[in-house]
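Welcome! Let us take a walk through this structure together, starting with the whole chain and then moving on to some of its helices.

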Amino acid sequence: MNSWQTILVALRAILSNKLRALLTTLGIVIGVAAVVAMMAVGAGAKAQVQEAFAAMGTNILVLLPGSVATGGVQLGFGSKPTLTWDDLRAIGSEVDSVKATAPMLRTTTTLVADEQNWTTTVTGTTPDYFAIRDWPMTLGEPFTQPDVESGAKFAVVGQTVADRLFGANAKPLGTAIRIRGIPFRIVGVAAKKGQSSTGQDYDDAVFIPVTTFAQKMQGGLAKFLQGTILVQATSTEATSRAESGIRALLRDRHQLAPDRDDDFSIRNLSDIAGAQEQGTETMTLLLASVAAISLIVGGIGIMNIMLVGVTERTREIGLRMALGANSGNILAQFLVEALSLSVAGGLIGVGAGIAVARWIAQSFQWLTLIQPHVIGVAVGFSAAVGIVFGIYPARKASELDPIEALRFE
């Protein structure tokens, strides 16, 4: 028998009992479908984390004030202003790996435009804020440094604020809005940013010059900056170096003894993003590993059914050997049967996995990404399972004695 004849005989044996073949491959189908679907969900979750942090900006550090001890009580970060305007200027000028800095003074208040009102976050900052976050305008331009120095009453609004106050597709450039009763002129509408990984709407915000914010919204704190500082490193590789440089500079400026804790906090968004991605990957691999167990169970099912097939077809095997088939022909026939069952199950499982992934995306509004290399690995693994678990039944069939096989009842 040549290879083509061996394949035809194996396929004819499978098709002679379609229901048994379907039930035999069920474990493989479930395993491959679960692997494809879980990996698609995991890849989608990872992409969402990357998108959320990309929206925040790259090479970003956030400096928070606070964490001081008063009367033996340790206060948390942000509980007391410890960063100064001089600290902000020193970070930008004295740390080589820092590209840009921007203060962020925030409050939540109600905006009024004509007869509409909307409560949102108002942030006092500088033009560098939009450069650090890589945040372009869809309409107009952000306020400028001269606007900051003069305390101009200009505002940049996010897309959500623009839609709520003026309606979808409106062009509110030059329109006046009132913030705490103070009129501001809209000079720019920021491009849509979307949501953070925690669900915060980046576009539900208004930005005004930091000097105007300090004078009209917050009140003076003299030298202290009552907010946070956004820092952009010169590159991704320089982010950790910038963090170390800023920490050393601030400890020196705040005259902190070596045995004292920092009176500020530095958050590295790259580290946070990496931790979230690692957690997502770990969970995805865990789910995929659990799903892969179904492939092993399916392989055991194939081996059991093949052993039953050897017993049922003992006389057929003896007859083939008597007519000239050798042990290699019989071994190849049963291996082809096992491989065909597992590959067919893998292909059906791929289709089922893609369908499940799309159903999850539609039902739960989750992002799912079908990865071609995962499909290839899943089908290849199912084929390997078929071969591994088909070897024992195939060897058992090939080692039968033709005379004893013909006498088998």
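A good place to begin is the surface. The chain exposes about 20,500 Å², and 57% of that area comes from carbon and sulfur atoms. Keep in mind as you look around that this is a predicted model.

Now for the interior and the overall build. The chain has 409 residues, of which 45% count as buried. Along the chain you can find 13 helices and twelve strands. How much of the contact in the chain links residues 24 or more positions apart? Among contacts with a separation of 6 or more, such pairs account for 76%.

Next, pick out helix α7, which spans residues 210–218. Four of its residues, Val-210, Thr-212, Phe-213 and Met-217, are buried. They lie on the same side of α7, because they cover an arc of only 145° around the axis. The general pattern helps here: an α-helix has 3.6 residues a turn, so residues three or four places apart point the same way.

Finally, move along to a pair of helices, α10 (residues 314–322) and α11 (residues 327–364). Their axes come within 10 Å and cross at roughly 140°. An angle over 145 degrees would count as roughly antiparallel, so α10 and α11 are instead oblique to each other. On the α10 side, the contact is made by Glu-316, Ile-317, Arg-320 and Met-321; α11 contributes Ile-330, Gln-333 and Phe-334. What kinds of residues meet here, nonpolar, polar or charged? The contact of α10 with α11 brings together four nonpolar residues, one polar and two charged.

Methods:
Residues numbered from 1 in each chain as written. Predicted model: local features only at pLDDT ≥ 70, side-chain atom pairs only at ≥ 80, totals over all residues. Heavy atoms only, no water. Helix = DSSP H or I, 4+ residues; strand = E, 2+ residues; numbered from the N terminus. Buried < 20%, exposed > 50% of the residue type's maximum accessible area, 1.4 Å probe, protein only. Contact = heavy atoms within 4.5 Å. Areas by Shrake-Rupley, 256 points an atom, 1.4 Å probe, with all protein chains shown as cover. Axes fitted to C-alpha atoms, helices over the stretch in contact; angles between N-to-C directions. Parallel < 35°, antiparallel > 145°, perpendicular 65-115°, else oblique. Nonpolar A, V, L, I, M, F, W, Y, C, P; charged D, E, K, R; others polar. Arc of directions from axis to C-beta.
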